[in-house]
Amino acid sequence: MSLTSTAASLVTLAEGAEHGGNHESLSPYVTGGGALFALLLLLWITTRFNRDR
């Protein structure tokens with residue numbers, strides 16, 4: 001399979017997407033808020049174990 005045929009196949013596949021790949025039940029605010037909460041929790045856990053500074 002050559003690069004041009006692979007690119008043409010990917011373009012055809014991308015044009016066939018109707019909804020843009022987003023799921024209706026996923027809110028970007030909930031996803032971002034959950035990720036922020038998880039990162040802040042990991043930061044808090046890391047600072048609790050690093051008491052020598």
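Colleague: What does the secondary structure of the protein chain come to?
Modeller: The chain has 2 helices and 0 strands. Bear in mind that this is a predicted model.

Colleague: What makes the span of helix H1 agree with its 13 residues?
Modeller: Helix H1 covers residues 3–15. At 1.5 Å a residue, those 13 residues should span 18 Å. The end C-alpha atoms are 18 Å apart, so the two values agree.

Colleague: Why is H1 said to lie largely in the open?
Modeller: Buried means under 20% relative accessible area. Of the 13 residues of H1, 0 are buried, so the helix lies largely in the open.

Colleague: How many of the 53 residues in the chain are buried, as a percentage?
Modeller: Buried residues make up 0%. The chain exposes about 5,300 Å², with 67% supplied by carbon and sulfur atoms.

Colleague: Why does Ile 45 count as partly exposed?
Modeller: Partly exposed lies between under 20% and over 50%. Ile 45 has 33% relative accessibility, so it counts as partly exposed. Ile 45 is found in helix H2, residues 28–49.

Colleague: Which residues make the nonpolar surface patch with Ile 45?
Modeller: Phe 37, Leu 39, Leu 41, Leu 42, Trp 44 and Phe 49 join Ile 45 in a patch of about 830 Å². Patch residues need over 30% relative accessible area; Ile 45 has 33%.

Key:
Residues are numbered from 1 along each chain as its sequence is written. This is a predicted model: local features need pLDDT of at least 70, side-chain atom pairs count only at pLDDT 80 or more; totals for chains, interfaces and linings use all residues. Side-chain values use heavy atoms; hydrogens and water are left out. Patches are made of residues with over 30% relative accessible area and no salt bridge: like charges are joined within 9 Å, nonpolar side chains (Val, Leu, Ile, Met, Phe, Trp, Tyr) within 5 Å. Accessible areas come from the Shrake-Rupley method with a 1.4 Å probe; for residues, only the protein chains shown count as cover. A salt bridge is a side-chain nitrogen of Lys or Arg within 4 Å of a carboxyl oxygen of Asp or Glu. Helices (H or I, at least four residues) and strands (E, at least two) are DSSP runs, numbered from the N terminus. Buried means under 20% relative accessible area, exposed over 50%, partly exposed in between (1.4 Å probe, protein chains only). The expected span of a helix is 1.5 Å times one less than its number of residues.
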